[in-house]
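Welcome! Please take a first look at the sequence and the model below, and then read on for a guided tour.

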Amino acid sequence: MCLAIPGKLLEITSKLDETFRMGKVSFGGVKKEVSLALVPEAKVDDYVMVHVGAAISVVDEEEAKKTFEILSLLGELEDLNQLPDTTG
Amino acid sequence: MCLAIPGKLLEITSKLDETFRMGKVSFGGVKKEVSLALVPEAKVDDYVMVHVGAAISVVDEEEAKKTFEILSLLGELEDLNQLPDTTG
Amino acid sequence: MSRNDLGFDTINLGHGSGGLMTRDLLDHIIFETFNNPYLNQKHDGSIITVDGELAISTDSFVVSPIFFKGGNIGELAVNGTVNDVAMCGADPKFLSLAFVVEEGLPMEDFVKIVDSIKKAADTAGVQIITGDTKVVERGKGDKIFINTTGFGKVHPKANISSNKIKSGDKIIISGPVAQHGMAIMSQRDGLEFESTIESDTTNLNFLVKDLLDVFGAKIHLFRDPTRGGVASVLSELADDTNLGIKLQETEIPLDDQVAAACEILGLDPLFVANEGIFITVVGAEIADEVVKLMKKHEKSPRASCIGEFTSEHPKKVVMHSVIGGKRMVTPLLGEQLPRIC
Amino acid sequence: MSRNDLGFDTINLGHGSGGLMTRDLLDHIIFETFNNPYLNQKHDGSIITVDGELAISTDSFVVSPIFFKGGNIGELAVNGTVNDVAMCGADPKFLSLAFVVEEGLPMEDFVKIVDSIKKAADTAGVQIITGDTKVVERGKGDKIFINTTGFGKVHPKANISSNKIKSGDKIIISGPVAQHGMAIMSQRDGLEFESTIESDTTNLNFLVKDLLDVFGAKIHLFRDPTRGGVASVLSELADDTNLGIKLQETEIPLDDQVAAACEILGLDPLFVANEGIFITVVGAEIADEVVKLMKKHEKSPRASCIGEFTSEHPKKVVMHSVIGGKRMVTPLLGEQLPRIC
Amino acid sequence: MKYLSEYRNLEATKKYLDLIAKTATKTWNIMEICGGQTHGLVKNGIINLLPENVRMIHGPGCPVCVTPLNLIDKAIELLENGVIVCSFGDMVRVPGSKKSLLEAKANGGDLRILYSPLEAVNIAKQNPDKEVVFFAVGFETTAPANALSVLHAKKENVSNYSILVSHVLVPPAMEGILDDELCTIDAFLGAGHVCAIMGTEEYYPLVDKYKIPIVITGFEPLDLVQGIYMAIVQLEKGEYKLENQYSRVVKEEGNVAAKKMMESVFEIADREWRGIGTIPESGYRLKKEFLAYDAETKFGISSIATPENSTCIAGQILKGIKKPHQCTQFGKACTPANPLGAPMVSSEGACAAYYHFSNNLITS
Amino acid sequence: MKYLSEYRNLEATKKYLDLIAKTATKTWNIMEICGGQTHGLVKNGIINLLPENVRMIHGPGCPVCVTPLNLIDKAIELLENGVIVCSFGDMVRVPGSKKSLLEAKANGGDLRILYSPLEAVNIAKQNPDKEVVFFAVGFETTAPANALSVLHAKKENVSNYSILVSHVLVPPAMEGILDDELCTIDAFLGAGHVCAIMGTEEYYPLVDKYKIPIVITGFEPLDLVQGIYMAIVQLEKGEYKLENQYSRVVKEEGNVAAKKMMESVFEIADREWRGIGTIPESGYRLKKEFLAYDAETKFGISSIATPENSTCIAGQILKGIKKPHQCTQFGKACTPANPLGAPMVSSEGACAAYYHFSNNLITS
Ligand code: SF4
Ligand code: SF4
Ligand SMILES: [Mg+2]
Ligand SMILES: [Mg+2]
Ligand SMILES: [Mg+2]
Ligand SMILES: [Mg+2]
Ligand SMILES: [Mg+2]
Ligand SMILES: [Mg+2]
Ligand SMILES: [Mg+2]
Ligand SMILES: [Mg+2]
Ligand SMILES: [Mg+2]
Ligand SMILES: [Mg+2]
């Protein structure tokens with residue numbers, strides 16, 4: 001449940017200590033300051049899922065392709081090869 | 001100095017003790033609650049001079065006539081005998 | 001759903017959102033009350049058919065308290081603009097109506113105000129033809145503000161302009177001054193007093209029409225001395241005409257209780273706001289007849305000629321006092337504040 | 001005394017008193033800025049000459065913040081009413097202008113807003129002909145509220161009415177949705193975000209005139225989806241016409257950043273307020289031409305036919321989604337609130 | 001937007017819908033747990049693109065819907081006593097027993113609608129002479145951010161900040177639903193963002209105990225149809241496994257840092273679910289060490305009790321036993337403008353989602 | 001209204017004016033002490049009804065005018081620090097060194113304009129979490145009511161109430177004026193309402209020391225012309241006596257109860273008069289026992305100092321040495337809308353009274 005949206009981590013904006021990091025995340029150009037306290041592994045250029053002002057997960061690029069790979073495997077994606085959007 | 005207006009004391013509205021009396025005063029029909037703390041002698045039907053919410057003096061009816069009496073004495077008031085207004 | 005049963009005791013932000021709650025409020029309160037073919041278009045605006053000169057006037061009403069002795073902000077908003085249109089020598093027929101409501105206004109109060117608007121509009125013979133309702137957050141408004149903009153055809157005989165005023169013209173006032181302002185003041189925190197003073201808010205358009213019917217272009221000006229009072233309006237006129245004004249203090253109608261309340265608070269009644277009276281400037285030759293007609297009219301039994309224009313002291317308003325002295329009358333400076341010390 | 005040197009850094013109650021301070025403010029800021037023969041009458045109202053059908057619309061503007069990305073409350077107040085008059089199929093020419101100012105507003109901000117009003121009015125070809133300025137106590141307003149009431153002659157070829165809408169009529173939108181609302185939202189306490197989103201506030205009257213010149217009565221309706229957004233306006237139309245509406249989600253123009261901001265806050269762009277766009281309903285036979293003309297016009301390069309009226313599901317708006325599904329579009333209920341959980 | 005737009009692709013979605021239609025031979029009832037998934041299904045019109053025999057049942061995963069009435073009354077009580085109450089937007093329109101937070105605001109309460117609980121701590125810092133309470137609703141997804149706000153306040157010595165906790169947990173609710181004898185659910189779409197925090201671990205016991213397929217699923221149309229397809233493949237094969245459709249976001253171990261933070265602040269407790277009743281060990285409360293940040297303790301309001309509307313069948317809706325349009329009040333006495341029960345409030349609530357988006361109504 | 005309207009009688013006033021004209025054979029400069037009298041003279045146009053050789057000089061008796069600039073700055077300082085400042089209406093427009101109370105209010109200060117100091121105590125009771133300060137200006141007339149407010153607060157244990165005291169006394173000011181070598185004043189109209197409190201006693205020493213007639217006078221036109229007449233009769237006879245024109249209100253002993261109350265709260269102190277400077281023993285301050293009610297002590301603001309505008313000749317105006325129109329700033333840089341000095345602020349201030357009412361300007 002709960003709305004979480006993927007955005008690209010542009011920069012680490014403050015780092016009080018290892019826990020309380022903040023970062024600027026771009027959602028298709030719209031930028032918000034979010035807490036990185038829950039994603040210590042997140043680094044600049046990662047895509048993070050943001051929920052109520054906190055990043056809760058780093059998006060795994062490899063895994064992201066699987067939805068489309070399954071269709072390919074099933075022979076359903078012949079006309080969709082260029083699908084995954086990389087425009088950010 | 002300081003604006004003070006004569007009004008008729010209609011009733012004593014509260015009397016916490018001998019000092020902190022309040023009364024309702026009518027100024028030509030406009031009524032205000034005023035402190036009577038400074039005029040312990042004031043009684044209902046008296047005219048009091050009210051300044052910033054407190055009666056500061058009881059108007060002396062006899063003395064009030066003197067302004068006109070002087071004119072009479074000086075022979076200046078022949079046509080003014082009915083002057084003093086008693087309409088309240 | 002009835003007009004008093006929208007499911008909410010108070011107005012909240014949703015009623016101004018432009019969505020379903022707004023529509024409910026409009027359908028069940030506004031449209032139901034004012035029900036007329038113009039408003040029923042329910043469009044972004046209304047269309048009226050006109051031919052000739054149209055007078056237009058706008059005012060926002062921000063009075064506090066919204067319910068006061070002798071009226072409420074709703075009827076004030078109708079009468080104020082009806083009168084401003086009338087002051088142009090016109091016959092007000094249409095009003096636009098725009099609310100800015102502070103969330104938390106009891107629905108009951110809103111309905112009461114809407115009903116007053118309807119009644120005042122009917123009395124003045126005007127129709128509400130288009131409107132708007134906005135809701136602002138608590139603490140960002142003051143219960144309710146109302147803007148009305150009024151329209152009416154200029155009376156065919158009217159020729160109203162301060163340019164027409166000349167030395168010798170008489171100044172007539174339609175009724176006692178300072179009533180509305182002192183009615184409001186009587187309920188003002190820290191200054192309140194008991195009295196029978198009531199706001200004189202009323203529509204003056206029929207009286208204006210009657211005067212124009214009879215006297216036409218010999219009436220040079222109408223002006224309602226609302227905010228700033230009689231003093232401010234006359235100062236402006238002296239300034240604009242480059243003429244002087246002589247006033248006779250004894251001729252200025254003033255209710256006894258209003259006078260007394262002004263004494264208590266140290267206010268000059270000439271600076272106090274009015275609602276239900278106007279000043280008219282007329283050629284000297286018709287002044288007596290104008291006063292006579294007005295005294296017979298229900299809206300102006302205490303009409304009085306209070307002074308005249310003069311070339312003697314251009315741009316100055318001079319009051320001839322009760323005891324025969326003279327003083328300058330200046331416009332109100334800032335807000336009218338009680339003088340106590 | 002120059003317009004920036006009235007001796008006060010901020011507006012205070014005296015500026016609304018109706019006295020000298022009010023007159024100073026009007027003379028040195030309002031009259032000096034808008035300087036035109038109507039306003040210069042300095043009377044309670046203005047007189048215009050009209051012949052025929054006149055469209056009238058009123059709106060109060062209460063936007064916060066008063067200066068926002070892409071505009072301010074002043075130009076909004078002009079464009080909003082200019083557009084509402086245009087939506088009636090009319091050519092807006094005159095505006096009344098009424099301020100309710102909260103004391104403490106920096107004089108500089110007031111002047112800035114007045115200047116924006118002037119600029120927006122000039123751009124739209126309208127004149128400010130009468131006005132009003134009230135000042136309310138601190139905490140009884142929100143910096144400044146502006147009411148404008150607009151007037152204009154109905155276009156000779158216009159025949160705008162929801163009665164004319166029939167099944168098959170096409171719905172065309174003049175530009176991308178939700179820009180204004182999201183520009184405001186981006187500055188809202190607790191919800192703010194960084195973006196290049198700007199309010200799209202602009203005057204649409206010349207575009208409307210061009211459309212009427214070419215297509216006349218084949219244009220059945222104009223409506224600007226301001227508060228309540230596209231969803232509310234279309235729901236009302238479905239309700240009023242007793243027809244259904246089919247919408248194509250893929251055809252609804254939407255800026256990428258606006259879309260992203262809506263995703264973050266969980267808002268539906270169809271519910272978000274717009275300012276600089278309108279919806280027009282036209283006969284199917286001219287829809288392509290209308291879109292073509294609009295795409296060439298500077299105000300509507302992203303015009304798009306987003307749907308049509310249908311007899312299939314009366315009173316219901318049905319969205320055909322990106323992935324080929326269908327859903328009902330209902331009007332906004334109360335205030336548009338971010339959905340997070 | 002990357003990772004959003006490609007999952008809204010018409011062609012790919014259609015392929016999965018075709019696969020579903022080809023694969024599903026029997027009638028299958030699939031419950032999506034999460035209100036966000038419900039929203040995605042109805043907003044995109046997916047429900048009516050599914051074959052007749054594949055039926056989606058809306059689960060209890062809308063925090064707005066399951067937050068008990070008494071907590072709303074408590075928040076209103078605080079608001080009316082001068083406390084600055086901060087809340088997510090969707091909570092503020094929910095009617096309490098007498099009024100909603102939005103109506104209490106209209107009457108003068110200082111209510112702030114926020115995007116993030118962290119913002120509430122800032123408001124507390126800026127208003128040192130006021131008490132500030134964050135209305136901390138939500139499932140496992142939201143709990144870490146709310147925990148973070150408490151840790152933040154503690155770190156910065158913000159003593160006028162507290163939270164009104166109404167955190168609930170998904171697995172106990174799923175168990176409750178499955179334990180109901182009227183339960184007809186064949187498979188679950190697991191709640192993607194809950195699992196982003198909690199990982200997959202807790203779901204294996206459920207799969208095993210109830211022999212039911214669970215597919216952890218995302219929120220975009222393509223996620224949803226893929227998740228449904230994966231569930232149907234299992235069902236048709238007679239399998240019951242935990243699968244992870246949303247692997248780009250959900251890792252097996254979940255978010256270790258978030259869990260640690262959450263567990264340092266909260267402990268498991270019994271919780272009342274609106275429309276369902278109290279479920280043992282189904283939520284969080286603040287640990288003893290953090291009771292200074294517990295609004296109920298701080299303001300002594302834990303005793304406020306409020307009965308639910310008796311005609312509302314929200315409990316059966318939330319358990320998937322009935323559909324909203326089977327409620328006699330639906331669309332009549334109960335509408336989004338005047339909701340009788342919680343599922344009519346949020347657009348993710350099952351009743352409101354049906355009311356707003358369903359084309360069941362289009363032809364009615 | 002009884003005791004008002006009869007003293008506004010045209011015929012009687014004319015008689016006294018005739019008597020004055022007949023009686024005055026030389027040029028006499030008469031100072032009315034009180035701003036209320038100034039107001040009455042100009043409002044009724046009396047000044048220009050007097051013969052050429054009877055000249056009224058406006059005294060320092062306008063509390064708004066003599067309250068030093070630094071006290072206004074202090075009141076503004078309080079307002080800007082969240083204190084509820086209560087004041088009479090006429091004080092709020094007086095410009096301090098940077099702004100007026102009214103402008104400070106426009107910037108967010110909680111300023112209340114009251115009719116009575118007693119109301120301020122009620123405001124303090126209603127706002128227990130705020131500090132409430134009454135700006136206690138005025139002469140002997142107003143001091144008892146202000147004292148009463150303090151006694152009231154004490155009796156009712158209202159600890160968040162205090163007063164910013166700026167009380168000045170008339171006799172020391174009269175002495176100051178008479179001591180100035182440029183002084184041309186031949187007689188005084190004594191301030192009626194001050195004497196209603198203080199009685200006549202304090203004026204005998206002045207009469208004797210300076211051999212100057214003093215006629216305690218009221219405020220209505222008839223009072224004023226009678227007072228002037230009485231002064232002229234003395235002057236023409238070469239007498240100097242204390243007379244009481246206003247005997248309907250002023251008793252010889254004054255108001256004993258008021259004096260007692262005032263003396264229990266206040267004690268005599270040196271005071272700065274705006275435009276004049278510090279006059280020894282010319283005002284009141286709170287007694288030690290009441291320092292808890294002293295705003296300057298309570299808020300530590302006694303050190304705020306503010307210089308006056310150097311081009312303003314208010315001192316000479318207040319002493320009657322110059323008339324307002326003899327000031328180079330009058331009506332030019334200095335107007336009621338933009339006053340440079342205090343006498344231009346209140347309509348009772350000598351400069352403002354001239355600006356507003358005088359028909360000196362009518363023909364200019
Ligand atoms: S429709 Fe309303 S009453 Fe019925 S279950 Fe849903 S919320 Fe409850
Ligand atoms: S006119 Fe102004 S500057 Fe001159 S003395 Fe009077 S107050 Fe001072
Ligand atoms: Mg007007
Ligand atoms: Mg009435
Ligand atoms: Mg008006
Ligand atoms: Mg509108
Ligand atoms: Mg007017
Ligand atoms: Mg409009
Ligand atoms: Mg712009
Ligand atoms: Mg509009
Ligand atoms: Mg006006
Ligand atoms: Mg519109």
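## Before we start

A word on annotations from UniProt: their positions are given in the numbering used here, feature names are shortened, and annotations may be inferred rather than shown by experiment. This is a predicted model, in which local features need pLDDT of at least 70, side-chain atom pairs count only at pLDDT 80 or more, and totals for chains, interfaces and linings use all residues. Residues are numbered from 1 along each chain as its sequence is written, chains are lettered from A and ligands numbered from 1 in the order in which they are written, and side-chain values use heavy atoms, with hydrogens and water left out.

## Two annotated domains in chain C

UniProt, in an unreviewed entry, places the feature "domain: PurM-like N-terminal" at residues 44-154 of chain C. Helices (DSSP runs of H or I, at least four residues) and strands (DSSP runs of E, at least two) are numbered from the N terminus. By that count, residues 44-154 of chain C are 30% helix and 49% strand, with end C-alpha atoms 26 Å apart.

The unreviewed entry in UniProt also gives "domain: PurM-like C-terminal" for residues 166-317 of chain C. In residues 166-317 of chain C, helix makes up 34% and strand 17%, and the end C-alpha atoms lie 15 Å apart.

## A look at chain A

Chain A contains 2 helices and 5 strands, and along the sequence they come in the pattern β-β-β-β-β-α-α. Chain A has 88 residues, of which 53% count as buried. Here buried means under 20% relative accessible area, exposed means over 50%, and partly exposed lies in between (1.4 Å probe, protein chains only).

The accessible surface of chain A is about 3800 Å², and 50% of that belongs to carbon and sulfur atoms. Accessible areas come from the Shrake-Rupley method with a 1.4 Å probe, and for residues only the protein chains shown count as cover. Of the contacts in chain A between residues at least 6 apart in sequence, 26% join residues at least 24 apart; a contact means heavy atoms within 4.5 Å.

## Which chains meet

Among the 9 pairs of chains in contact, chains C and D share the most contacts. Chains A and C have no contact, and their closest C-alpha atoms are 24 Å apart. Chains B and D do not touch either, with nearest C-alpha atoms 24 Å apart.

## Magnesium sites

Donors are N, O and S atoms within 2.8 Å of the metal (3.2 Å for Na, K and Ca), and sites may look incomplete since water is not among the atoms. The magnesium ion (ligand 11) has the protein donors C:D59 (OD) and D:D132 (OD), at 2.4 to 2.7 Å. This pair crosses between chains, with C:D59 in strand β1 (residues 46-61) of chain C and D:D132 in strand β5 (residues 127-136) of chain D. C:D59 is buried, at a relative accessible area of 11%, and D:D132 is buried too, at 6%. C:D59 coordinates both the magnesium ion (ligand 11) and the magnesium ion (ligand 3), which are 3.5 Å apart.

The magnesium ion (ligand 8) has the protein donors D:S57 (OG), D:T58 (O), D:D59 (OD) and D:D84 (OD), lying 2.5 to 2.7 Å from it. Two of these link distant parts of the chain: D:D59 sits in strand β1 (residues 46-61) of chain D and D:D84 in helix α2 (residues 73-87) of chain D, 25 residues apart. Both D:D59 and D:D84 are buried. D:D59 also coordinates the magnesium ion (ligand 6), 3.5 Å from the magnesium ion (ligand 8).

## Around ligands 1 and 2

A residue is near a molecule if one of its heavy atoms lies within 4 Å of it. Ligand 1 is surrounded by 13 residues, the closest being E:C312, E:C327, E:C334, E:G341 and E:C351. The shell around ligand 1 has 11 nonpolar, 2 polar and no charged residues. For these classes, Ala, Val, Leu, Ile, Met, Phe, Trp, Tyr, Cys and Pro count as nonpolar, Asp, Glu, Lys and Arg as charged, and the others, Gly among them, as polar.

Ligand 2 has 13 residues around it, and F:C312, F:C327, F:C334, F:G341 and F:C351 come nearest. The shell around ligand 2 divides into 11 nonpolar, 2 polar and no charged residues.

## Two spots in chain E

Helix α2 (residues 35-43) of chain E is mostly covered, with 8 of its 9 residues buried. After α2(E) comes E:G45, which has a positive phi near 70°.

E:G331 lies in the loop between α14 (314-318) and α15 (350-357) of chain E. E:G331 is partly exposed, with a relative accessible area of 37%. Leaving aside residues up to four places away in sequence, E:G331 touches E:M344 and E:Y355.
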